[in-house]
Amino acid sequence: MSTDVRVDDSHSTEPAVRTVMVLWFGTILAVFAVMIIFGITMRLEQSQTLEVGIPMFYALMTMHGLGMVGATFSAGLAMIWFITARYAKPNVALMRFSWGVFTLGALGLLAATLVGRFGAGWYALYPLPFQNPTWPQWSIGVAIISLMLLGVSWLVCQLDILRALAGRYGASKLLGWQYFSAAKPTEELPPSVLIVVICAAAGILGTLAGAATFVIYLFKWLAPQTNFDVLLLKNTMFLFGHVIVNLAMYCGIAAVYEFLPSYTKRSWSLNRVTVLAWNTTLIFILGAYFHHLYVDFAQPTALQYAGQILSYLSAIPATAVTVFGVGSQVFGSGLRWTFTPLAFFLGILGWVIGGIAAVVDSTIAINQIFHNTLWVPAHFHTYFLVGFVFIMLGFAHRFVASNAERLATGSLWAMVVGGYGFVLMFYLGGLSSVPRRYANYGALSFGSIAETGAHLALGGAVFAVIFLLGIIGFYVSLAKGRTTTPALK
Amino acid sequence: MASIAGWVTLGATLIVVLVALFVAANARETIPGGPAAIYGVRKYYAGALLLGLLVALGASLPHTPYSALLETEPSMRVDVIGRMWSWEIHQAGDASGGPSPLVLPVGKIVEFAVTSADVNHGFGLYDDGGHLLAQAQAMPGYVNHLRHVFDLPGRYHVVCLEYCGLVHHAMLTELAVQ
């Protein structure tokens, strides 16, 4: 009986695989930088330091949200596709097709928002996209079709990942249930592969919820006289949105499981606890979205309580398994803090800190006073900006085998300062009851809410500029330091 | 409540950062059996975390807006209709809105029946010092019932807390409580 995990880099180091990964990551890193600039512009507008106008602000807000969610989830998918390529043979041509469709969708969204000023917000709650006279009809259709293109791109990628891994390990083995039988598994399932499977499976369900929603949106656009249930569509939209946002992070976790052991020189294998933890995560992630609807009292009350319980419980497998796993990988391992393990470690730290704020916000009693205040962008920017993004950059640095360690590491510390300063402004805003998604706070002429909001927005912009300088420095390190030797093994 | 949430977040974050610093500081040296030492405390950590979360669930779940203040009939029922980009607020049954400004009672239960005439809005109730007190979504086709007791007389503010289009940030009105 073999327990060999059997990484096979003969496929993942093929030029075609590298080319398609460069296409994906090049696009994602470009989108990411542009979206940061949009974010800085928004914070400057909110502080009334810069004036782009109200329609442009909300168009930028919509594009920033869609762009960041789309880019990070796509980065996550690209990473788990690459991990898949280390163990199995996903279809490179399909991945190229997926990139093309994604790029087309991204261009469509840019046109709808920047040209058409489509500004319904990234989760575009029904019926706002159709009820607003201020953006043209064509921009609504282009936005919906573009979002459907993103969904097609993700679905193709996720289905092919599962197909490839099922071909390699057998479909019945992919969730790791063989670890619960008395007999030792005949072949070890790498922990990263289990997480890849969980991400792809949950991602398919989430993407299908989005597909159903956008088909209805498309129908509404074509037949404006039709009407649909607002609460039902709010549920399907948040099921889609919450799942893909969470999964982006879990895709990053898969990358940490896959690559961190090569730096710590310690094995990381599956056991029953890990299998159970990630299988329950699959359930929790699909039910935790109810916490987005706590202030929709018409939602069945049982689902509200389920939202808090599932949100709380989801913290246990994630921290008890992954955080302890990372800790035990790193502690006393003789690890050299080169860029990638440092970025991974800091990324996990950011994920946990953002997770704490998320659990706090998922408490119904607290959500009453935090919902749609700046506490919400505070927590998700924490686990994205100083969490997932660091893992994504750690992967990119490793992928190009960059030898510009000093520049990359210096840039990372600039991003740590800029990122944590940036999210701190959001947290303080949330604690001060400053609403989110406001072009400016001038109308809030009571208490000190307008002044607080404007000052924190300016502070946020300054820190975001520091983060941007860090990311530019990191991109330069990638360009200058890349080597022809893939450091993938 | 906001300050409790803030302190809990800060406290938990500091603990996590300290643990991370400890692990990072002990990464360079090779410590035989390092993983085993950490794994040994995992079950205690998971148990403590589970216990903490169960206590937090037990303490917080009874305090939800779905069960609050239901034992007594409200002193006043108020209809709230959000529409792009204004609030129509009047005593229940008084569809005209009435020429005189609505005055809500202090220290008594007021029930807001919140709905929308067009898109999703957020009925956010602020005191005059800028503190968010309570909120409910305003949805077309649904009525959300929010009960609240105003502890102090004075001026209160209704702020839209769900993005609803280009004038969202100025969709405000005032309430008087005496």
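In this predicted model, six bridges tie strand 4 of chain B to strand 7 (residues 144-149) of chain B, and the two run antiparallel. Within that pairing, B:Phe112 sits opposite B:Leu146 of strand 7. Strand 4 (residues 109-116) of chain B also pairs with strand 1 (residues 76-83) of chain B, this time in parallel fashion and through seven bridges. There, B:Met76 faces B:Val110 of strand 4.

Stepping back to chain B as a whole, its secondary structure adds up to three helices and nine strands. The order along the sequence is simple to read: α-α-α-β-β-β-β-β-β-β-β-β. The overall shape departs from the globule rule, with a radius of gyration of 24 Å where a compact globule of 178 residues would come in near 16 Å. Along the principal axes, the C-alpha atoms of chain B occupy a box of roughly 80 × 40 × 30 Å. Of the 178 residues in chain B, 33% are buried. As for sequence separation, take the contacts in chain B between residues at least 6 apart: 64% of them link residues at least 24 apart.

Chain B also has an open sheet of five strands, ordered 3-9-8-5-6, with mixed pairing. Its edges are strand 3 (103-104) and strand 6 (132-138) of chain B; each has a single partner strand, so one side of each lacks a neighbour in the sheet. Strand 5 (residues 121-127) of chain B is joined to strand 6 of chain B by six bridges, and the two run antiparallel. Bridge partners across this pair include B:Phe123 with B:Ala136 and B:Gly122 with B:Gln137. The same two strands, 5 and 6 of chain B, make a hairpin with four residues between them, and B:Gly130 in the turn has a positive phi of about 90 degrees. Strand 5 of chain B also pairs with strand 8 (residues 154-160) of chain B, again antiparallel, through five bridges. In this pairing B:Leu125 lies opposite B:Val158 of strand 8. Strand 5 of chain B is mostly covered, with six of its seven residues buried. As a rule, side chains in a regular strand alternate between the two faces of the sheet.

Turning to chain A, the largest nonpolar core runs to 225 residues, and A:Ile80, A:Val196, A:Cys199 and A:Ala254 have the most contacts inside it. The biggest contribution to this core comes from helix 3 of chain A, which supplies 22 residues. Leaving out residues up to four places away in sequence, A:Val196 touches A:Ile80, A:Ile83, A:Thr84, A:Ile161, A:Leu165 and A:Ala254.

One of those partners, A:Ile83, belongs to helix 3 of chain A. A:Ile83 counts as buried because it has 28 C-beta neighbours inside 10 Å, against a threshold of 20 or more. Once neighbours within four places in sequence are set aside, A:Ile83 is in contact with A:Ser192, A:Val196, A:Ala254, A:Ala255 and A:Glu258. The A:Ala254 contact spans quite a stretch of chain: 171 residues separate it from A:Ile83 in sequence, yet the C-alpha atoms are 8.3 Å apart in space.

Two other helices of chain A have end-to-end spans close to expectation. Helix 12 of chain A, with 23 residues, covers 32 Å from first C-alpha to last, close to the 33 Å expected at 1.5 Å a residue. It is largely enclosed by the rest of the structure, because 23 of its 23 residues are buried. Helix 10 of chain A has 13 residues and covers 19 Å, close to the expected 18 Å. Its buried residues are A:Gln304, A:Gly307, A:Gln308, A:Leu310, A:Ser311, A:Tyr312 and A:Leu313.

Finally, there is the contact between the chains, to which chain A and chain B contribute 68 residues each. On the chain A side, at least two residues apiece come from helix 3 (54-87), helix 5 (128-131), helix 8 (230-264), helix 10 (301-313), helix 11 (315-330), helix 12 (339-361) and helix 13 (364-370). Helix 11 of chain A has the largest share of this side, eight residues. Sorted by class, the side of chain A that touches chain B holds 41 nonpolar, 23 polar and four charged residues.

How values were computed
Residues are numbered from 1 along each chain as its sequence is written. Chains are lettered from A and ligands numbered from 1 in the order in which they are written. This is a predicted model: local features need pLDDT of at least 70, side-chain atom pairs count only at pLDDT 80 or more; totals for chains, interfaces and linings use all residues. Two residues are in contact if their C-beta atoms, placed from the backbone, lie within 7 Å. Ala, Val, Leu, Ile, Met, Phe, Trp, Tyr, Cys and Pro count as nonpolar, Asp, Glu, Lys and Arg as charged, and the others, Gly among them, as polar. Two strands pair if DSSP finds at least two bridges between them. The radius of gyration is taken over C-alpha atoms; the globule rule is 2.2 Å times the number of residues to the power 0.38. A residue is buried if 20 or more other C-beta atoms lie within 10 Å of its own, exposed if 12 or fewer, and partly exposed in between; C-beta atoms are placed from the backbone. A nonpolar core is a set of buried Ala, Val, Leu, Ile, Met, Phe, Trp, Tyr and Cys residues joined through C-beta atoms within 7 Å. The expected span of a helix is 1.5 Å times one less than its number of residues.
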